[in-house]
Structure formats: C-alpha cells, structure tokens
Amino acid sequence: MNKIAINTNFRINNFIYHELPSGELVIQTKVGIVKVSNQSMINFIKEIDDQQKYRTVPLKLIEDYFGEYTSEAITFLNTYKILKMEEPFNYKVKGINFFSNSSKFLDLTKIILNDTYDKNGFSTYYSNSIEDLILDDQIVWCCFLNPYDRGLAKKIVEACRANKNILLMSYVYNGSVYVDNLYSSKWKNPCHFCNMGHLESQLRIQKDGNLTYQHIVDMVYQEDSNFKVELNLNNIEIMKVISVIIDIIEKFFIRSSKTMRFNESFEDINYCTLIDFNNQTVTKDIGIHWELCDCYE
C-alpha cells in the first residue's frame, strides 16, 4: 500500500454490525458481510459507530488502534467499504459563475463586485439561463433561486454532477433564504436534495395538528406542478444574501493558500446557512446526508 499522508481523513460509510455471544462482530455493508474476531478491529468498529462523534476518521486514530498493522487494517476497511479515503478538496478554482432567475440578485451582485475579482485574475460570469453556465470544473457555480423552482434546481444539480463543478446553491423557502453547503460530486458530501429532504421533513412537523407550511406547499404542488415558492425581497435583504455568499466565496476560494489552514476542517465546507429576515438572524448548521438520496454512493 502506498504511503498515506499524515493529515489524511477517511469517510465512514454506512454499515451495520451485530455482536455475537462470543464477542465477535458480524459487519454488513453494501458490498457484503464479514465476521471480525480481531479485538483491535472490534474496538475500532464500535468506536466509529458513534455518528454523533465521528463523520470522518483521521489516520492517527487508525494508527492508535492498529500500530504496525495500520496498513493491513486500512486495506480491510477499504475492501469492505467501511471507510473510504477522502479525496483532497480542490480549492484551485479560477472563477465564479453567478446564476439566478432573479434579475435583482444578478444586477446587485454585479454592482457590488464590479470587477473586483477580475482585477485579481479571478473570472466572474453572470447567467440567467442554465444553458449559459460555464462547463468547467474549475468554475464554481453560485446559484440563487427566487422563485424556488424544483425542476430548475434538479437540472442545476444534475449538470453540476455531470461536469464536476463545485456548487453553492441558495434559495428562498418558508419565508427565509437558505444557503446550502458547498457541494461537489467528487467530494461525496451532502447535496442540495439532501438539504431539501431534511428541510421539507422538518417543516411537515406540527404538534397542534394544524396544517404546516410544507403541507400546504405539497398540496399546491399536487394541484399544479408548475407552482414555485417565491419571496419578495427588497434590495437590502438581497444584499444580505449576497454578503453571506461572498463570505463563503472568499473563505474558500479568494485566498492566498490553496490548502487548508491549521484551524480549518474538511467539515467546514458542509456548513449551511439560514437567513431569517423575520427574526433578523443568520444561523449555521452542518449539512448531513438524507437517507433517500444516493449522492454519497
């Protein structure tokens, strides 16, 4: 096995284990089933099964458990797809393609940015048609949907996957603006459909038995599949959205270093942002895979 970089992380794939009366484990994954009797491996599997504690595993943790047998352990974990080595996140992009079905958003973005990025050799493009998106995996697609159009969102994500672009999706929903985590099909991290799946599920929950926002939206979609969720934002509110988006762009792409800083984590790309104009708050939470989406495969 080739030498692995010391800062390597491994993504934990879905698996199920059953402990036998003997203390051995039977592990089931998408590629098969295996019985484990090695005590170090048993302890390690139990450790990483805590999803509240681990989403990824650093190489050092594996070394702590297996010592001189680390290489053999990694081969076993990879063979049964219990762990998968994460590909380094590539921040070496050369431009941003802003896309929106809101002319106000595009116009204000042009005014705010002017040619600031272009002067520094970082190209900016503006599109209001999906056919005009730049099909280059070194161009980040920065999309804002107002109205939120399910069909258009699906086309954007599918095109992004096909062309290996990095996607930053933002959209109006439930009277607020949501900014998804950065997504790339190469990274196997949560996609837009994961975020929407969780959001819609949360919005269907109502303790008093009354119809929720999502129940009404679902009923309208059933009656008219062309229905679009829309929010009338003024220029100040749109500027707040642009500010959040620019902060993300500058944190990850407009930077002197193309690698992670000491205080950054791979998980940083998975933060989502909620802009709540009613309460005048901006909150963050980490995006997670939705069980009905296959983007992690």
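Modeller: Let us start at one spot: I112 lies in helix α4 (residues 103-113). Helices here are DSSP runs of H or I with at least four residues, strands are runs of E with at least two, and both are numbered from the N terminus. This is a predicted model, where local features need pLDDT of at least 70, side-chain atom pairs count only at pLDDT 80 or more, and totals for chains, interfaces and linings use all residues. Residues are numbered from 1 along each chain as its sequence is written, while side-chain values use heavy atoms and leave out hydrogens and water.

Colleague: In which element is confidence lowest, and in which is it highest?

Modeller: Confidence is given by pLDDT, the predictor's score for each residue, from 0 to 100. Where that score is low, the predicted coordinates should not be read in detail. Here the chain has an average pLDDT of 88, and 90% of the residues score at least 70. The lowest mean, 74, belongs to helix α5 (residues 116-119), and the highest, 97, to strand β11 (residues 176-179).

Colleague: Now the backbone. Which peptide bond is cis?

Modeller: As a general idea, most peptide bonds are trans, and most residues other than glycine have a negative phi. In this model, the bond from N146 to P147 is cis, with omega near 15 degrees. You will find P147 in the loop between β9 (139-145) and α6 (150-163).

Colleague: And where is K81, which has that positive phi?

Modeller: K81 has a phi near 55 degrees, and its place is the loop between α3 (70-79) and β6 (83-85). N174 also has a phi near 55 degrees, a positive value in a residue other than glycine. Look for N174 in the loop between β10 (166-173) and β11.

Colleague: Is K81 buried, partly exposed or exposed?

Modeller: We go by relative accessible area with a 1.4 Å probe and protein chains only: buried is under 20%, exposed is over 50%, and partly exposed is in between. K81 counts as partly exposed because its relative accessibility is 38%. N174, at 27%, is partly exposed too.

Colleague: How many salt bridges does a search of the whole structure find?

Modeller: Side chains of opposite charge can pair when their charged atoms come close. The rule asks for a side-chain nitrogen of Lys or Arg within 4 Å of a carboxyl oxygen of Asp or Glu. The search finds nine such pairs. In one of them, E19 meets K46 at 3.2 Å, N to O. This bridge links distant parts of the chain, since E19 sits in strand β2 (residues 16-19) and K46 in helix α1 (residues 39-48), 27 residues apart. E19 is partly exposed at 39%, and K46 is partly exposed at 32%.

Colleague: Which residue forms a salt bridge with E24?

Modeller: E24 pairs with K35, with the closest N and O atoms 3.3 Å apart. E24 is in the loop between β2 and β3 (25-29), K35 is in strand β4 (residues 32-36), and they are 11 residues apart. E24 is partly exposed at 21%, whereas K35 is exposed at 54%.

Colleague: Which residues do shared partners join into one network?

Modeller: Begin with D218 and R204, whose side chains meet at 2.8 Å, N to O. D218 belongs to helix α8 (residues 213-223), and R204 to the loop between α7 (192-203) and α8, 14 residues apart. D218 is buried at 17%, while R204 is partly exposed at 31%. Salt bridges that share partners join R150, E200, R204 and D218 into one network.

Colleague: Why is there no disulfide at C194?

Modeller: A disulfide is a covalent bond between the sulfur atoms of two cysteines. The rule accepts a pair of cysteine sulfur atoms within 2.5 Å, and by this rule the count is zero. The closest cysteine sulfur to that of C194 is in C295, at 3.5 Å, so it is too far for a bond. C194 is buried, at 0%. For C293, the closest cysteine sulfur is in C191, also at 3.5 Å and too far for a bond; C293 is buried at 8%.

Colleague: Back to I112, then. Which residues form a nonpolar patch with I112?

Modeller: Patches take residues with over 30% relative accessible area and no salt bridge, joining like charges within 9 Å and nonpolar side chains (Val, Leu, Ile, Met, Phe, Trp, Tyr) within 5 Å. Accessible areas come from the Shrake-Rupley method with a 1.4 Å probe; for residues, only the protein chains shown count as cover. I112 forms its surface patch with I236 and M239, and together they have about 260 Å² of accessible area. I112 itself is partly exposed, at 37%.
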